[in-house]
Structures are given as structure tokens and as C-alpha cells.
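Trainee: Please take one part of this model and examine it closely, then set it in its surroundings. I would welcome a connected account.

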Amino acid sequence: MANNVTAIELARSGIRMTIGYVQNGKVFVLQALQGDRIPVDSDGGISVKAAEESIALLFETARKALGRDFDFGPVIAVFPGRHFRSREGEATTLTVDMLNHIRQLDYSNCISMIQKETREDGYAAVCCAPFLFVYDNQARGDFLPGQVSEKLTVKADCLLLESNDVHRYRKIFNDLDIYPYLELVDTYAGLCFLQGTSIPEKFLFLSLCEDHVSLALVEERRLLFAKTLEDGISDFVLDFAKRGKAPLPEAWQFARLFGFVPDAEHVFSPLPHATTIDSARTELEKAFSPLLASLASLAEDLRLEQNVPLVLFGSGTEIPGIDAYLSEGCGRECYIVNNNTIGARSQDFIPCLGAIKASSLPYQLSSNEGQRQAEDEVIRKTYFGRN
């Protein structure tokens, strides 16, 4: 059996933990858990104390299910993608091996140089995603350890998050003696889930989370551009509740039951504060109209062709008919990521599943900031390694 990996995603809607492994390119899940909603601190960031307590509880719950001596393997941290940026970089290094065989150290040297090249004040590198490797003068799309080459050139997209946010996220793990060997941004982790599948060459990638919505442009499996909205699905539903003068739980119930799907069978809504299905649906569409406006603005700014489709994932995709609503509103084909992973079918777990899938790559995505490699001496210090 392949080695286990534990992915932990930080999110206000609840910390998510997924334990699994990759075999033949497919993720197998042993346990998938989600904690309670995490409050925010006075500065708007997720509460460090509440997040730490939630992670500790998730580990304890997993231990009860999997056994006290269960090997959780190394941890992958998935950070919220608020305000993240993607910057392209390129670096070349001479191979260190006497026989000019490509080694991981050569790749790491290139990544370190790319991080310095793409550095921005107020931002920290979370991960670098390589998309091209040049061995002497031969360009390849994959990393080939052992390849004979006097020099290696790497082109990569460096994903950056605001430094204060990264410091907060790392503190949450370090206070628990957890030192993730890999750090990812949630939207990129979602893209990693699609690796190895048949996806369009170019598409808009929408992460419809409760806390925020991320709009990203993907081309040739590269995350070229991303924009994060302050509002998430929960904010749109809250606006819907205010429009209908209904309690928030009732607004969520309507969204999950009826959503945007025309329904000729139900003339009157069974919900006390809604008049008819059609009238309530009209208000729901108005509440979600800022999302359509953001899509239109992004498409105009990037001058996207009309044949570039939308690909959706996240808890918002579970609202019936949201794909048809977005497709009609922006005039583009729309697809929902199919998550048929046994043990973690919820759309919420796609970033964690993508993180586990990324662990099988032949190169290291994570940045070297903070020396976060999961070496043996670090593993012994981790929370899940303590008795």
C-alpha cells in the first residue's frame, strides 16, 4: 500500500482533514472529517486559538476511528486563497552531480531563485508550481530525476499570499508542533485534483466556497490569474434572506431544496416566509447577481473568448441549478467538478483531495520559506507523532 498523507485545510466554515494515499493516480480516502465553524479575530482573520483546538479535536477523532498507533504520514497544509497572486518565474542552474544527472537539489536551487525573483513586499511564497523543465536545450513538461544534463532550467508559477495571513496560518500548525512538508493555496489544490483527468485546455475555474469565491484562469493546467471576492456563498444567501425577510436557516433550506431550477410542480413554497417558488427564485437570482457581474468583469479584463468555459467546485455547486444559472448569465458552457471519491464525496473536500494527489508528484511544490521540509527529526515532533 502507498504511504499515508494527511491534508488539513484551514477555512472559516470549518477545518477539514482528509487522510488517504495515492495509488495509480487515484486518491483513496481513509478518513474525512470537518470541524465546527471557526470564528474570526478582530482583524478579520480566522481565530488561531479556535483553529488549533479544532485541529487537535480532529486528530483525536481520527485516532479513535483509525487506532492510536495509526501512521498519519506527513501533513499537507491548505491555506485559504484570499488575495493570492500568481507570478511566473524562471531560473537556471548547473547540475551538482559529477556525472550531470539531474537531482532534486538542482530543482530546489531553481525554485529558490524563482522565489527571490517573484518576491513582493507584504507577500510570502506559499508554493511554486513548475510547468516547464529544460534539460540543456530539450524542453519537457515533466521532471525527470536522473536525466543527464549539464544544466537545468525551470519555469514555474509562484503563488503568493499576504505575509500576515501566512504567518497566522503557520502559527496555527507550529503551535501544535506540526510542520507541514507541503503548503498549497486552496484554489491551486482544487486544480491539482483535476490533474490526470480530461479538462479543457483553457477555462475559468470558480471556487464557490461558503467563505469566499475565487475566480481563476487556467490554461494548459497553469493557474495564470486569480481574483478573490470578499463575499462567499453564505453572503449571497444572507442577502437572499434579507430580500425575502426570512430567517437565514430558512433561506439556506430554500437554496438547497429548490435553488435555481424551474419547478412547475410546486406553485407555492412550503417555506413560511416565501410566497411562491418563482418569486423566491427571482430574489435568489438577484442575490447572486454580484457573482455574475464579477464573472463578466473578469472576462472583459482578460479579454476572454466566449468559448472559454466555466468549471465549478465547492459547496456552492450543491445548490440545484447554479451551473445553468451561471451558464445562462454569462453565455458560457459550465461544468461541475465530479467528485466521486469514496469517503469524501462532498465538494468541500476537493482541495484536500487535490493536496493528497499533489503529494505523489516527482517534485516538491512547497516553498523553502521557513525550512518546512518534513524530515525524520521533524516528523518525530509533530502532533500526530506524540504519544
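**A buried glutamine and the sheet beside it**

Mentor: Q347 counts as buried because its relative accessibility is 8%; the term buried applies under 20% relative accessible area, exposed applies over 50%, and partly exposed covers the range in between, with a 1.4 Å probe and protein chains only. The model is a predicted one, in which local features need pLDDT of at least 70, side-chain atom pairs count only at pLDDT 80 or more, and totals for chains, interfaces and linings use all residues. Residues are numbered from 1 along each chain as its sequence is written, and side-chain values use heavy atoms, with hydrogens and water left out.

Q347 belongs to the loop between β14 (334-336) and α10 (350-358). Helices here are DSSP runs of H or I with at least four residues, strands are runs of E with at least two, and both are numbered from the N terminus. Leaving aside residues up to four places away in sequence, Q347 touches F313, G314, S315, T317, E318, I336, V337 and N339, where a contact means heavy atoms within 4.5 Å.

Among these partners, F313 belongs to strand β13 (residues 310-313). In that strand L310 and L312 point one way, V311 and F313 point the other way, and all are buried. On one side, β13 pairs with strand β10 (residues 202-208) in the parallel sense over four bridges; two strands count as paired if DSSP finds at least two bridges between them. L310 is the bridge partner of L204, and V311 stands opposite F205. β13 is also joined to β14 by three bridges, and these two strands run parallel. Here L312 stands opposite I336, and I336 is one of the residues that Q347 touches.

The connection between these two strands can be described as well. β13, helix α9 (residues 322-330) and β14 make a right-handed β-α-β unit, in the sense that, with the strands pointing away from the viewer, the path from the first strand over the helix to the second runs clockwise.

The wider setting is an open sheet of five strands with mixed pairing, in the order β12-β11-β10-β13-β14. β12 (222-229) and β14 stand at the edges with a single partner strand each, so one side of each is left without a neighbour in the sheet. On average, neighbouring strands of this sheet are turned by 20 degrees against each other, direction ignored. Helix α8 packs on the sheet, touching β10, β11 (213-219), β12 and β13, and its direction makes about 30 degrees with that of β11. Such angles run from 0 to 180 degrees between N-to-C directions, and the axes are lines fitted to C-alpha atoms, for helices over the stretch in contact.

The aromatic residues come next. A pair of aromatic rings is described by the distance of the centres and the angle of the planes. The structure holds 14 aromatic pairs. In one of them, the rings of Y21 and F28 have their centres 5.4 Å apart and their planes at 10 degrees, so this pair is stacked. Rings of Phe, Tyr and Trp (its six-membered ring) pair if their centres lie within 6.5 Å; planes under 30 degrees apart count as stacked, over 60 as edge-to-face and the rest as tilted. Y21 is buried, with a relative accessible area of 9%, whereas F28 is partly exposed at 33%. F236 and F288 form a tilted pair, with 5.1 Å from centre to centre and 45 degrees between the planes. F236 lies in helix α5 (residues 233-244) and F288 in the loop between α7 (277-287) and α8 (289-302), so the pair ties together parts that are 52 residues apart in sequence. Both F236 and F288 are buried, and they form one aromatic cluster with F260 and Y325.

Charged ends also sit over rings: that of R222 lies over the ring of F131, 3.5 Å from its centre, and that of K357 over the ring of F193, 6.0 Å from its centre. The criterion is that NZ of Lys or CZ of Arg is within 6 Å of the ring centre and within 35 degrees of the ring normal.

A further open sheet has four strands in the order β5-β8-β6-β7, with antiparallel pairing. Within this sheet, strand β6 (residues 123-135) and strand β8 (residues 151-162) pair over eleven bridges, and F133 has V154 in β8 as its bridge partner.
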